[in-house]
Amino acid sequence: MPAARKVILNIGVILFALLVAFIGLEVLFRIYLSQTASETIQLLYTGTREDFRERTSVVGQPYIGFGLTQTFPTQNEQGYRGEPIAPKQPDEYRIVAVGASTTYGFGLETAEEAYPAQLEQALHDAGQTEVKVVNAGVPSYTTWESTANLAFRVVDLQPDLVIIYHAGNDVGARMVDPAQYTGLNAARGTWQHYDEPLPRSAIIRLVALNNDWMENPLWYETYLETATPYMACDVDTDGFCTNLDLSALDVLEQNPPVYFERNLKTMIAIARIHGSDVMLSTWAYDIVSSPEGVDTMRADFRQQGVDEHNAVTQAIADEFETLFFDLADVFPSDPELWIDGVHLTAEGTQLQAELYADYLLATVFAQD
């Protein structure tokens, strides 16, 4: 046998052996996933684009960027969390809760455990059975998205009262290059629809995901792109922006909460011009329950940012004479109430709802 032919044959044998080994490894990995991994992890390594669309809780929406899907569990056909919303009845008093994941109830299995549903139940228990509370919270929203959501969607629900609960995510919206800090500086962006197929091999996907060669299709942030490019702050273990050459606190100082303030004022104006009252609430967090890490509520810049936003919230409530509840001032630091120092357990949302209900019973419903 000629030497060249022998080399080619040997290479072919090696390649065939590698292919067989790869296929065997692929089969074993898929068997391992089917036997040990959660449904979500199995989806990550074996799902198609269509599978991910069906499992994603948010989708693109005009003007807003993104909102809730109509098919995700615990979300209704109108794109809100909870049961379908019936047409407003003549004797109904409708409250719409506007906010982000802490309004949506991130980490809670059912819509009934989120604070808006618990607020409705607390008011019903107190005799205010004509009250309906709609959960308009969307995970990752800032006051930018909530302002658009209120203007283009929430007003259609004809709310009598709009509760606005924001502060945390707006800190991230300020953590950008000061030269690019503008009123269009949304923290997330607009939804991008991707149709290109994902790698069919679970092994290839495993290697690609762990080496950042592909974006995680389970993270809906993967599908979001900012409307205008901006340089976000990457915080290191010392609390400094590694890509802006500024400390995190310096960025906050150079990017004051002027747009958070403007967005709250705009939401008040939108609600009132459409005949709705407004209740502002400070945003509660817990340092003790927050996990160790750079960008958690243990970080000084996160605490400073939220505290600044809470002060703005109270000042605006005073200036425009809205209803106001200082949740941050009264909410306890109890590990049974907190999931991660930001999101509340079902017991925590129940307490939040009861505190709001007592306040509303003493103000809005005091004449009943």
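Strands β10 and β11 run parallel and are joined by 3 bridges; two strands count as paired if DSSP finds at least two bridges between them. This is a predicted model, in which local features need pLDDT of at least 70, side-chain atom pairs count only at pLDDT 80 or more, and totals for chains, interfaces and linings use all residues. Residues are numbered from 1 along each chain as its sequence is written, and side-chain values use heavy atoms, with hydrogens and water left out. Helices (H or I, at least four residues) and strands (E, at least two) are DSSP runs, numbered from the N terminus.

**Strand pairing around β10**

- L280 has F324 in β11 as its bridge partner.
- β10 is also joined to β5, by 5 bridges, and these two strands run parallel.
- In the pairing with β10, I163 stands opposite M279.
- Strand β10 covers residues 277-281, and 4 of its 5 residues are buried, so the strand is largely enclosed by the rest of the structure. Buried means under 20% relative accessible area, exposed over 50%, and partly exposed in between, with a 1.4 Å probe and protein chains only.

**Nonpolar cores**

- A nonpolar core is a set of buried Ala, Val, Leu, Ile, Met, Phe, Trp, Tyr and Cys residues joined through side-chain atoms within 4.5 Å.
- The largest core has 42 residues, of which I95, L119, M279 and L360 touch the most other members.
- Elements that give two or more residues to this core include the strands β3 (93-99), β4 (131-135), β5 (161-165) and β11 (323-325). The helices among them are α5, α9 (248-254), α11 (300-320) and α13 (346-362).
- The most is given by α13, with 5 residues.
- L119 touches V133, I163, A353, Y356, A357 and L360, residues up to four places away in sequence not being counted. Contact here means heavy atoms within 4.5 Å.
- A second core, separate from the largest one, has 28 residues and includes L44, I64, Y220 and L224.
- In soluble globular proteins, nonpolar side chains tend to be buried together.

**Salt bridges**

- The whole structure holds 8 salt bridges, each a side-chain nitrogen of Lys or Arg within 4 Å of a carboxyl oxygen of Asp or Glu.
- K88 pairs with D160, with 2.8 Å between the closest N and O atoms. K88 lies in the loop between β2 (65-68) and β3, and D160 in the loop between α6 (143-152) and β5, so the pair ties together parts that are 72 residues apart in sequence. K88 is partly exposed, at 24% relative accessibility.
- K132 pairs with E120, the closest N and O atoms being 3.9 Å apart. K132 is in strand β4 and E120 in helix α5, so this salt bridge ties together parts 12 residues apart in sequence. K132 is partly exposed at 25% relative accessible area, whereas E120 is buried at 17%.
- R298 pairs with E292, with the closest N and O atoms 3.7 Å apart. R298 is partly exposed at 31% relative accessibility, and E292 is exposed at 67%.

**Disulfide**

- The structure holds 1 disulfide, defined as a pair of cysteine sulfur atoms within 2.5 Å.
- The link joins C233 to C241, with an S to S distance of 1.9 Å.
- The link of C233 and C241 is left-handed, with -95° about the S-S bond.
- Both cysteines are buried: C233 has a relative accessible area of 12% and C241 one of 4%.

**T102 and L108**

- T102 is in helix α4 and is buried, at 11% relative accessibility.
- The side chains of T102 and W283 make a polar contact of 3.2 Å. A polar contact is a pair of N or O atoms within 3.5 Å; within protein, one must be able to donate a hydrogen and the other to accept it, and residues adjacent in sequence count only if both atoms are side-chain atoms.
- Beyond neighbours within four places in sequence, T102 is in contact with Y115, Y165, W283, V342 and H343.
- L108 lies in the loop between α4 (101-104) and α5 (115-125), and is buried with a relative accessible area of 11%.
- Neighbours within four places in sequence aside, L108 is in contact with R81, E113, A114, L344, T345, A346 and T349.
- The C-alpha atoms of L108 and S140 are separated by 16 Å, the two residues being 32 residues apart along the chain.
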